[in-house]
Amino acid sequence: MYFLADERLKAAVEKFSPDVALRCRTVYQIYKLYKQGLVTQSVGERAVEILKKECPKKLIELVAPTVD
């Protein structure tokens, strides 16, 4: 099991599953890098697609504040 120090991330894992919560957090991190111009457009657009398809809005709201 993952050690989760951040309470928001811990809540996301409990509400959803560890796999989904951590996958969506990672994809959201890539999306933020895309918005900052640090990854290519194709990678950023793919991240947007994954977020829309696989990540519930409630989950994104929980994990977004945990991303640097």
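The following questions and answers go through helix H1, the charged and aromatic pairs, and the nonpolar core of a predicted model.

Reader: Which residues of helix H1 are buried?
Author: Helix H1 runs over residues 7–15, and on one side of H1 Glu 7, Glu 14 and Lys 15 are exposed. On the other side, the cover over the buried residues of H1 includes helix H2 (18–35) and helix H4 (57–63). The residues that are buried in H1 are Leu 9, Ala 12 and Val 13.

Reader: Why do Leu 9, Ala 12 and Val 13, the buried residues of H1, lie on the same side of the helix?
Author: In general, an α-helix has 3.6 residues a turn, so residues three or four places apart point the same way. Leu 9, Ala 12 and Val 13 are the buried residues in question, and they lie on the same side of H1 because the arc they cover around the axis is only 95 degrees.

Reader: Which residue caps the N-terminal end of H1?
Author: The cap rests on a side-chain oxygen that lies 2.8 Å from the backbone nitrogen of Arg 8. The residue that provides this oxygen also forms a salt bridge with Arg 8, in which the closest N and O atoms are 3.1 Å apart. Arg 8 is partly exposed, with a relative accessible area of 39%, and the capping residue is likewise partly exposed, at 25%. That residue is Asp 6.

Reader: How far apart, N to O, are the side chains of Lys 10 and Glu 7 in their salt bridge?
Author: Lys 10 and Glu 7 are three residues apart in helix H1, and therefore about one helical turn separates them. Lys 10 counts as partly exposed at 30% relative accessibility, whereas Glu 7 is exposed, with a relative accessible area of 55%. Their side chains meet in a salt bridge with an N to O distance of 3.6 Å.

Reader: Which residue of helix H3 meets Arg 46 in a salt bridge?
Author: Helix H3 spans residues 41–54, and the two partners both lie in it, three residues apart, which is about one turn of the helix. Arg 46 counts as partly exposed at 41% relative accessibility, and its partner is also partly exposed, with a relative accessible area of 38%. The distance between the side chains is 3.3 Å, N to O, and the partner is Glu 49.

Reader: How many salt bridges does a search of the whole structure find?
Author: Among them are the bridge of Asp 6 with Arg 8, that of Lys 10 with Glu 7 and that of Arg 46 with Glu 49. Salt bridges that share partners also join Asp 19, Arg 23 and Glu 54 into one network. For the whole structure, the search finds five.

Reader: Is the aromatic pair of Tyr 28 and Tyr 31 stacked, edge-to-face or tilted?
Author: A search of the whole structure finds one aromatic pair, and its ring centres are 5.9 Å apart with the planes at 40 degrees. Both residues lie in helix H2, three residues apart and about one turn of the helix; Tyr 28 is buried at 16% relative accessible area, while Tyr 31 is partly exposed at 23%. Planes under 30 degrees apart would count as stacked and those over 60 as edge-to-face, so at 40 degrees the pair is tilted.

Reader: Is Arg 25 buried or exposed?
Author: Arg 25 is found in helix H2. Leaving aside neighbours within four places in sequence, Arg 25 is in contact with Leu 9, Val 63, Thr 66 and Val 67. The cut-off for a buried residue is under 20% relative accessible area, and at 19% Arg 25 counts as buried.

Reader: Which helix gives the most to the largest nonpolar core?
Author: This core has 16 residues, of which Tyr 28, Leu 51, Leu 59 and Ile 60 touch the most other members. H1, H2, H3 and H4 each supply at least two residues of the core. With four residues, the helix that gives the most is H2.

Reader: Which residues does Ile 60 touch, not counting those up to four places away in sequence?
Author: Ile 60 is found in helix H4 and counts as buried at 17% relative accessibility. Its C-alpha lies 10.0 Å from that of Val 27, a residue 33 places apart from Ile 60 in sequence. The residues that Ile 60 touches are Cys 24, Tyr 28, Leu 51 and Cys 55.

Key:
Residues numbered from 1 in each chain as written. Predicted model: local features only at pLDDT ≥ 70, side-chain atom pairs only at ≥ 80, totals over all residues. Heavy atoms only, no water. Buried < 20%, exposed > 50% of the residue type's maximum accessible area, 1.4 Å probe, protein only. Arc of directions from axis to C-beta. Contact = heavy atoms within 4.5 Å. Polar contact = N/O pair within 3.5 Å; in protein donor to acceptor, adjacent residues only side chain to side chain. Salt bridge = Lys/Arg side-chain N within 4 Å of Asp/Glu carboxyl O. Phe/Tyr/Trp six-rings, centres within 6.5 Å; stacked < 30°, edge-to-face > 60°. Core = buried A, V, L, I, M, F, W, Y, C linked by side-chain atoms within 4.5 Å.
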